[in-house]
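Work through the following exercises with the sequence and the model side by side. Each task is followed by a solution that goes step by step.

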Amino acid sequence: MDSQKTITVTSPLLPDLEEFHGLLKEIWASKWITNNGSFHKRLEKELADYLKVPYISVFTNGTLPLITALQALRVNGEVITTPYSFVATTHSLWWNGIKPVFVDIDPATCNLDPAKIEAAITPRTTAIMPVHCYGKPCDTKAIQAIADKYGLKVIYDAAHAFGVEVDGESLLNAGDLSTLSFHATKVYNTVEGGALIMHDEQTKKRIDYLKNFGFAGETEVVAPGINSKMDEVRAAYGLLNLKQVDAAIEARRRVAVRYREALRDVPGITFFDDMPGVRHNYSYFPVFVDAEQYGMTRDELYFKMREHNVWGRRYFYPLISTFSTYRGLESATRENLPVATRIAEQVICLPMHHELSEEDVERVLGLIVR
Ligand SMILES: *Cc1c(COP(=O)(O)O)cnc(C)c1O
């Protein structure tokens, strides 16, 4: 075992402790610690401005917005989704009694392949739930065209897509609703947290009811809502992190530039370049290992990195469709999901965060470049 310090795959963006203490004092003085307090309101306003979205509702994590979005749009029956994501995407369907229908991904983006969606639509299909995997935009136009043709809702799991813009417009405005995660491991965090992005005030109102037990007033409950409100402490923390997220994204971009430069000509290693017109957030840096060309399997490389205290992450592996809850579904077979199956066996996300030093980056590269 190597004795060098551990390089982790991610590191949480933390606000300045003194500043946070100042805001905590305000919260203590106000004695208003949750239930749509002033920091909750301010965070929603500042996030909407930063993200260039009309309406946002903040949540206590990134999974409840998925579950709530499906409730808000009364989605049922079957929903078309990707197996190449974090389990929460599919779990949100299961928690709503909806049958997930897996469709394969496009190797150029790791996102749901629009060309394969129509073949999976049945009379029970009510919605599509794509993921902007690694923050790379889905083909939102092609997906919307299919949704319009068949009368389906589109809910984007945009957990990776904080701040991503396409031609100057927020990617989060695509579809009927988009969800975000503000988990500690994401580009922007509120320790735990998340949000729903919507197009109109009426939908925001309904979602605000749903995240507070369905209360529409002191004595009126309009729906079987849940409790997924964000508290004042985390809203204050989130306001401070918003001030430094641009600098964090820029630090990540520099790491991505160096990784690409060093890995460009390594046989058997591929990765993504920036897409034209897209403001990326550099949330992850996945590389794909072709064992034959590289001379080492993905797992061999992954465990070699571990031995040298460099923690990558096989993200996303295994595919959601292989877990016990889902593997019995007709759409969960390897034959239906050849691209996702192959990519899940080739991927390693390299360490990627705002605090990686040049030396750290060279240590990671030294284990891969050959
Ligand atoms: C992180 C993540 C979630 C869940 O978010 P939490 O805040 O951890 O509940 C959902 N979907 C994807 C794609 C994620 O990466």
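**Exercise 1. The whole protein**

What does the accessible surface of the protein come to, and what percentage of it belongs to carbon and sulfur atoms? Go on to describe the overall dimensions and the burial.

Solution. Before any value is read, note that this is a predicted model, in which local features need pLDDT of at least 70 and side-chain atom pairs count only at pLDDT 80 or more, while totals for chains, interfaces and linings use all residues. Residues are numbered from 1 along each chain as its sequence is written, and side-chain values use heavy atoms, with hydrogens and water left out.

Step 1: the accessible surface comes to about 16500 Å², and 53% of it belongs to carbon and sulfur atoms; the areas come from the Shrake-Rupley method with a 1.4 Å probe, and for residues only the protein chains shown count as cover.

Step 2: the C-alpha trace spans about 65 × 55 × 40 Å along the principal axes. For 370 residues a compact globule would have a radius of gyration near 21 Å, and the 21 Å of the protein agrees with this (the radius is taken over C-alpha atoms, and the globule rule is 2.2 Å times the number of residues to the power 0.38).

Step 3: of the 370 residues, 55% are buried, where buried means under 20% relative accessible area, exposed means over 50%, and partly exposed lies in between (1.4 Å probe, protein chains only).

Step 4: the protein has 11 helices and 15 strands, which are DSSP runs numbered from the N terminus, with at least four residues (H or I) for a helix and at least two (E) for a strand.

**Exercise 2. Strands E12, E14 and E15**

Which strands are joined to strand E14 by bridges, and which residues stand opposite one another?

Solution. Step 1: strand E14 (residues 285–289) and E15 run antiparallel and are joined by 4 bridges; two strands pair if DSSP finds at least two bridges between them. Pro-286 stands opposite Cys-349 in E15, and the bridge partner of Phe-285 in E15 is Leu-350.

Step 2: strand E12 (residues 269–271) is joined to E14 by 3 bridges, again with an antiparallel course, and here Phe-271 stands opposite Val-287.

Step 3: in a regular strand the side chains alternate between the two faces of the sheet. In E14, Phe-285, Val-287 and Val-289 lie on one side and Pro-286 and Phe-288 on the other, and all are buried. For strand E15 (residues 347–350), Val-347 and Cys-349 on one side and Ile-348 and Leu-350 on the other are likewise all buried.

**Exercise 3. A sheet with open edges**

Which strands stand at the edges of the sheet with the order E9-E8-E13?

Solution. Step 1: these 3 strands form an open sheet with antiparallel pairing. Strand E9 (169–170) and strand E13 (278–279) stand at its edges, and each has a single partner strand, so one side of each is left without a neighbour in the sheet.

Step 2: strand E8 (residues 165–166) is joined to E9 by 2 bridges, and Glu-165 stands opposite Ser-170.

**Exercise 4. His-160 and a cis peptide bond**

Is His-160 buried or exposed, and which residues does His-160 touch?

Solution. Step 1: His-160 lies in the loop between strand E7 (153–157) and E8, and with 5% relative accessibility His-160 counts as buried.

Step 2: leaving out residues up to four places away in sequence, the residues that His-160 touches include His-132, Lys-186, Tyr-315 and Phe-316; contact means heavy atoms within 4.5 Å.

Step 3: Tyr-315 and Phe-316 are themselves joined by a cis peptide bond, with omega about 25°, and Phe-316 is found in the loop between helix H9 (298–307) and helix H10 (338–344).

**Exercise 5. Ile-7 and Asn-309**

Where does Ile-7 lie, and what is the phi of its contact Asn-309?

Solution. Step 1: Ile-7 lies in the segment before helix H1 (17–30) and is buried, with a relative accessible area of 2%.

Step 2: apart from neighbours within four places in sequence, the contacts of Ile-7 include Asn-309, Trp-311 and Leu-356.

Step 3: Asn-309 has a phi near 60°, a positive value in a residue other than glycine, and Asn-309 is buried at 8% relative accessible area.
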